[in-house]
Amino acid sequence: MRKVLVIHGPNLNLLGVREPDTYGAFTLDEINLELKDFGEKIGLSVDAFQSNHEGEIVEKIQSIRKGYNALVINPAAYTHTSIAIRDALLLLDIPTVEVHLSNIYKREPFRQKSMIADVVNGQIAGFGKHGYLLALQAVLNLIS
Ligand code: DQA
C-alpha cells in the first residue's frame, strides 16, 4: 500500500478546544483516525505526526525522503513564517499538498501569505477537517 504522511504544525494538538468556531470541534486524534480509515478505503496507508517545534517538523520532512509516497502538511502558524520548512519541502521529490482548516485568505493579512504555497503541488483551505480528506484524494490522484 502506498504510504502518506500527514504533518500537523503547532497548536493543532489542541484542536477541539482551540477556537472551535474557526478550526472545528473535532480533536486531532479524531481527525487522524478518520484519515487512517479513509486512507485504507482508497488504498493509502496514512501516518500522522504533530509537533509544536519548527526544527522537529524540518527533521521529520528530511526523514521522509525515503519511505513515503506523498505528504500532506498543515504547518499552522509556521505556514506564514518558516523558510526552514519551505527549504525542507524542496528536498522532497514526492507529491505534497498543503492543507488549512480555515480559509486563510479570508483572515488577517499576515495569514494570507504562505511560505510554502509555491513549492507544493496544491493547497486546500477553508473546508475544515474535510480538507484533509480532499488532500488524500488529491495525493492519490498524483501518485496513481
Ligand atoms: C491554520 C491557519 C494558520 O494561520 C494558523 O496559524 C493555524 C491553523 C489552519 O489550519 O487554518 O494554526 O493553518
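These questions and answers cover the ligand and its pocket in a predicted model. Local features need pLDDT of at least 70, side-chain atom pairs count only at pLDDT 80 or more, and totals for chains, interfaces and linings use all residues. Residues are numbered from 1 along each chain as its sequence is written, and side-chain values use heavy atoms, without hydrogens and water.

Q: What makes Tyr23 and His80 residues around the ligand?
A: A residue counts if one of its heavy atoms lies within 4 Å of the molecule. Tyr23 and His80 are among those listed, as are Arg18 and Ser102.

Q: Why is the approach of Asn74 to the ligand called a polar contact?
A: The term needs a pair of N or O atoms within 3.5 Å. A polar side-chain atom of Asn74 lies 2.8 Å from a ligand oxygen, so the pair qualifies.

Q: What makes Leu101 and Arg111 count too?
A: Leu101 places a backbone N or O atom 2.8 Å from an oxygen atom of the ligand. Arg111 places a polar side-chain atom 2.9 Å from a ligand oxygen. The ligand alone exposes 320 Å², and the protein buries 99% of that (Shrake-Rupley method, 1.4 Å probe).

Q: How are the residues of the shell around the ligand divided?
A: Five are nonpolar, four polar and three charged. Arg counts as charged and Leu as nonpolar.

Technical notes
A polar contact is a pair of N or O atoms within 3.5 Å; within protein, one must be able to donate a hydrogen and the other to accept it, and residues adjacent in sequence count only if both atoms are side-chain atoms.
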